[in-house]
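Hello,

Please find the structure below, as promised. My notes on what was found in it follow.

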Amino acid sequence: MRLVLLGPPGSGKGTQAVRLAQAFGLQHVATGDILRDEVARQTDLGIKAKAFMDAGQLVPDQLVSDMIAGRLQADFILDGYPRSLPQAESLTHLLKQKGWTLDAALNLQVPEDEIVARLSGRLVCLQCKTVFPAGTESPCQKCGGKLGKRADDNANVIRERLNVYHNTTKPLENYYQKLGLLREVPAVGSPDEIFKRLCATLKRA
Ligand code: AMP
């Protein structure tokens with residue numbers, strides 16, 4: 001199965017992508033995590049990407065699309081890619097070259113005021129990257145690592161990331177709608193409830 005997971009920052013893409021990957025045996029490709037790792041290791045890509053990420057802007061399309069093209073296995077869930085029309089077109093082209101088709105583009109829908117509240121308080125395990133809601137105490141319940149804030153989860157950068165989402169990423173809904181692949185999934189409620197909704201949507205897909 002091949003899936004794209006769409007939705008604004010803070011909509012729970014990372015949490016749900018991990019669950020879907022486990023449930024369906026998919027490669028989980030999270031571009032934000034890969035880029036943060038490249039930045040931490042100070043690779044050429046990481047050095048180029050850092051300033052864009054710190055400002056809440058998108059890393060240039062070509063860099064990210066090349067990064068994806070080199071990694072994709074036959075069954076995957078893409079979390080955080082594509083994020084612009086040129087990226088969506090690159091993905092369509094790549095899939096065509098490989099003779100693969102997408103099964104669905106799942107769109108997580110969350111009201112804007114809830115997104116801002118989630119992003120400004122959320123914590124992430126600095127070791128295993130699991131995301132926790134505001135107020136969760138260290139250590140991480142999964143791996144015992146320390147919890148902290150993501151560098152780009154501060155008010156100014158959050159505002160810029162939401163602008164980028166509205167101007168550049170949201171048009172992808174229309175792109176995948178036209179391809180007959182868009183599946184809208186309300187992403188409010190507990191992670192378990194949202195996961196059940198995603199699974200039910202995939203059964204119908
Ligand atoms: P995320 O963890 O998905 O919220 O991504 C964190 C940051 O990584 C974004 O704000 C961008 O700067 C960068 N990034 C992640 N995915 C992409 C992408 N598909 N295209 C461009 N930049 C990306």
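To begin with a pair of charged side chains: Lys170 and Glu173 form a salt bridge, and their closest N and O atoms are 3.1 Å apart. Bear in mind while reading that this is a predicted model.

The two partners can be described by how much of each is accessible. Lys170 has a relative accessibility of 34% and counts as partly exposed. Glu173, with a relative accessible area of 15%, is buried, because buried means under 20%. Elsewhere, salt bridges with shared partners join five residues into one network: Arg122, Arg150, Asp152, Asp153 and Arg161. As background, side chains of opposite charge can pair when their charged atoms come close.

Salt bridges

How many salt bridges are there by the rule used here? The count comes to twelve. Two of them involve members of the network just named.

One is formed by Asp152 and Arg150, with the closest N and O atoms 2.9 Å apart. Asp152 counts as buried, at 13% relative accessibility.

The other is formed by Arg161 and Asp153, where the closest N and O atoms are also 2.9 Å apart. Is Arg161 buried or exposed? Arg161 is buried, with a relative accessible area of 10%. Asp153 is buried as well, and its relative accessible area is 2%. Both values fall under 20%, so both ends of this salt bridge count as buried.

Arg161 is placed in helix 7, which covers residues 155-169. Its C-alpha atom is separated by 24 Å from that of Thr43, and the two residues are 118 residues apart along the chain.

A buried arginine with no salt bridge

Arg2 lies in strand 1, residues 2-6. Arg2 is buried yet has no salt bridge. Why is Asp75 not counted as a salt-bridge partner of Arg2? Asp75 is the nearest side chain of opposite charge, but it is 5.1 Å away. A salt bridge needs the side-chain nitrogen within 4 Å of a carboxyl oxygen, so this pair does not count. What the side chain of Arg2 does reach is the backbone oxygen of Ala74, at 2.6 Å.

The ligand

The model also contains a ligand, and 16 residues surround it. The closest are Thr31, Gln57, Gly80, Arg83 and Gln87. By type, the shell divides into six nonpolar, five polar and five charged residues.

Which helix gives the most to the shell around the ligand? Helix 2, residues 31-40, does, with four residues.

Three contacts to oxygen atoms of the ligand can be checked in the viewer:

- Arg36: an N or O atom in the side chain is 3.0 Å from a ligand oxygen atom.
- Gln57: a backbone N or O atom lies 2.6 Å from a ligand oxygen atom.
- Arg83: a polar side-chain atom lies 2.9 Å from a ligand oxygen atom.

Taken alone, the ligand exposes 480 Å², and the protein buries 94% of that.

Thr31, one of the closest residues to the ligand, lies in helix 2. Thr31 counts as buried, at 3% relative accessibility. A polar atom of the Thr31 side chain lies 2.9 Å from the backbone oxygen of Gly80. Gly80 is itself among the closest residues to the ligand.

Distances along the chain and in space

Two further pairs are useful for comparing position in sequence with position in the model.

Met67 is in helix 4, residues 61-69. With a relative accessible area of 9%, Met67 is buried. Met67 and Leu45 are 22 residues apart along the chain, and their C-alpha atoms are separated by 9.0 Å.

Asp103 is found in the loop between helix 5 (85-98) and strand 4 (104-109). Is Asp103 buried, partly exposed or exposed? At 35% relative accessibility, Asp103 counts as partly exposed. How far apart are Asp103 and Gly180 in space, C-alpha to C-alpha? The distance is 9.8 Å, while in sequence they are 77 residues apart.

Regards

Definitions and conventions:
Residues are numbered from 1 along each chain as its sequence is written. This is a predicted model: local features need pLDDT of at least 70, side-chain atom pairs count only at pLDDT 80 or more; totals for chains, interfaces and linings use all residues. Side-chain values use heavy atoms; hydrogens and water are left out. A residue is near a molecule or strand if one of its heavy atoms lies within 4 Å of it. A polar contact is a pair of N or O atoms within 3.5 Å; within protein, one must be able to donate a hydrogen and the other to accept it, and residues adjacent in sequence count only if both atoms are side-chain atoms. Accessible areas come from the Shrake-Rupley method with a 1.4 Å probe; for residues, only the protein chains shown count as cover. Helices (H or I, at least four residues) and strands (E, at least two) are DSSP runs, numbered from the N terminus. Ala, Val, Leu, Ile, Met, Phe, Trp, Tyr, Cys and Pro count as nonpolar, Asp, Glu, Lys and Arg as charged, and the others, Gly among them, as polar. Buried means under 20% relative accessible area, exposed over 50%, partly exposed in between (1.4 Å probe, protein chains only). Lys and Arg count as positive and Asp and Glu as negative; His and the chain ends are not counted.
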